[in-house]
Amino acid sequence: MAQAVEAQKEVKFEAKLGLFDATMIVMGPMIGSGIFIAPSIMAGYMPIPLFLILLWVLGGILTAFGAIAYGELAGMMPKAGGQYVFLREAYNPLLGFLYGWTLFFVIQSGFIAAVAIAFAKYLGVFIPALSENNVILTLNIFGWNFTLNSAQLVGVAVIAFLTCINCFGVVFGALVQNLFTVSKIAAIALLVFIAFTIGNGDWSNFSSSFSLKDFKPIAPPEALSMGFLAALAVAMSKALFAYDAWNSVTFAAEEVKNPHKTVPRSLVLGTIGVMLVYVLANMAYLYILPIKEMALVPDNRFAAAVAEKIFGTIGAQLIAIAIMISTFGCDNGMILAAPRVYYAMAKDGLFFKGAGKLHPKYKTPVNSLILQGIWSSVLTLSGTYSALLTYTAFTSLLFNVLTVIGLFILRKKYPDRERPYKAWGYPIIPIFYILVAVFFIVYIIIGDPKSSGLGLLLVLIGVPAYVYWSKTKNNAS
């Protein structure tokens, strides 16, 4: 009787998000600071204008292909947790847990910390007292030099503020997401429009004679020893990094109206929309700045160089504002979505018990949000998030590949389950995604075995945690 009463009182998610909200949750976390920095890095490895544009197109197509596969899975299982649920159902609870574990301790929290610091860096352009140069505290703890600067404190404040916003209901969090995503797209669109109309650029920047024999990367120094295919792969990896986090909406599928159709549509619309934004932005950059100059801009802040060439000295400040808007909205999207994964894990008895509860009034996973906020803040203050992201840069792609492979497994495992949306071009499109993504995974492992090995180690540390929670769950049963 007591259990029946408790079940009746259990708080559940409410489906309040429409197609526009879901699409903004896809696009918002994708468009961060990458589009303002990554093209300069890519230009160093691949100093050929048309190839640079082609990489952004291919990266967008590959991401859209992944989204198409995820669309079927989301339509079949529109549950809180998204990718965690897909991996659990396709393989086993352990693999699903390892994804959620890595998401919480490294991938999502690390990205949140990194983006919050990026916001703080550009805020420092206007308020120097809040920049990284303003060191507040320096300590030596058992040989480890700890430095606390103003930018870290600003980063923590941003994380705390956005976490608080998302505690007050998914509609409130989505409203902030919509506002900042539309604002950042509008800012990039305005830059593109002005570049092509009054930017006094040069269409000859898009033309270049090319032969494999004469191919030579420009920068960074380690690129000089690379061949064409290796340089192409590294440059492509930077584009894929800028396209990452496109799967966020699957985490909140249970809060989307008519999720069987809305989530798949938002995935495809969002990824294609971001591809158009990225390609047009890169074309505008190249129109204003020759690719060799783009590659050699100090600190890869070439977007500021482009704006400065158009607007003069005020250009750098305008780009700083655009990046602040972009990173703020990006962080909000990541903070909003991921706690739904930790909630689903806790409901399965594979995470902290409190994370599996929703606020009785706001219907949000407040405990999960707070846990994520605390850990992201710890990484922000520690300054280790950058190293963690390096170690796990390929694990996100690895889990994505396993999820798309799971599409084939689930078709055989549950052939009669209702699929309101079926992946277009099956099996060709999913296979293409898998093959291309595996190529980059293998290249990353060969090119940087230390970081990839440490990344896998961080994932595998989750195995004893899984064993602990599994035993605790069985004992409770």
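**Exercise 1.** In this predicted model, find the residue just after helix 7 that takes a positive phi, and describe the helix before it.

*Solution.*
Step 1. Just after helix 7, the residue with a positive phi is G169, at about 105°.
Step 2. Helix 7 covers residues 150-167, which is 18 residues. From its first C-alpha to its last it reaches 26 Å, close to the 26 Å expected at 1.5 Å a residue.
Step 3. At the start of helix 7, a side-chain oxygen of N149 comes to within 3.0 Å of the backbone nitrogen of A151.

**Exercise 2.** Which residues of helix 7 are buried, and what covers them?

*Solution.*
Step 1. Buried means under 20% relative accessible area.
Step 2. In helix 7 the buried residues are S150, A151, Q152, V154, G155, V158, I159, L162, T163, I165, N166 and C167.
Step 3. The cover over these residues includes helix 6 (93-123), helix 8, helix 14 (314-337) and helix 16 (366-382), along with strand 1 (135-141) and strand 2 (144-149).

**Exercise 3.** Describe how helix 8 and helix 11 cross, and sort the residues of their contact into nonpolar, polar and charged.

*Solution.*
Step 1. Two packed helices are described by the angle between their axes and the distance between the axes.
Step 2. For helix 8 (residues 170-198) and helix 11 (residues 259-288), the axes come within 9 Å and the crossing angle is roughly 35°.
Step 3. The crossing of helix 8 and helix 11 is left-handed.
Step 4. Helix 8 contributes I185, I188, L191, V192, A195 and F196 to the contact, and helix 11 contributes V277, L280, A281, M283, A284, Y285, Y287 and I288.
Step 5. The residues of this contact divide into 14 nonpolar, no polar and no charged.

**Exercise 4.** Locate A245 and K363, and give the phi of A245 and of K363.

*Solution.*
Step 1. A245 lies in the loop between helix 9 (228-243) and helix 10 (248-251).
Step 2. Although A245 is not a glycine, its phi is positive, about 75°.
Step 3. A245 counts as buried because its relative accessibility is 15%, and the cut-off for buried is under 20%.
Step 4. K363 is in the loop between helix 15 (339-347) and helix 16. Phi of K363, also a residue other than glycine, is positive and near 55°.

**Exercise 5.** Which two residues does a cis peptide bond join, and where is P427?

*Solution.*
Step 1. The cis peptide bond joins Y426 and P427, with omega about 5°.
Step 2. P427 sits in the loop between helix 18 (395-413) and helix 19 (428-447).

Conventions:
Residues are numbered from 1 along each chain as its sequence is written. This is a predicted model: local features need pLDDT of at least 70, side-chain atom pairs count only at pLDDT 80 or more; totals for chains, interfaces and linings use all residues. Side-chain values use heavy atoms; hydrogens and water are left out. Axes are lines fitted to C-alpha atoms, for helices over the stretch in contact, and angles run from 0 to 180 degrees between N-to-C directions. Helices (H or I, at least four residues) and strands (E, at least two) are DSSP runs, numbered from the N terminus. A crossing is left-handed if the near helix is turned anticlockwise from the far one by less than a right angle, and right-handed if clockwise. Contact means heavy atoms within 4.5 Å. Ala, Val, Leu, Ile, Met, Phe, Trp, Tyr, Cys and Pro count as nonpolar, Asp, Glu, Lys and Arg as charged, and the others, Gly among them, as polar. The expected span of a helix is 1.5 Å times one less than its number of residues. Buried means under 20% relative accessible area, exposed over 50%, partly exposed in between (1.4 Å probe, protein chains only). A polar contact is a pair of N or O atoms within 3.5 Å; within protein, one must be able to donate a hydrogen and the other to accept it, and residues adjacent in sequence count only if both atoms are side-chain atoms.
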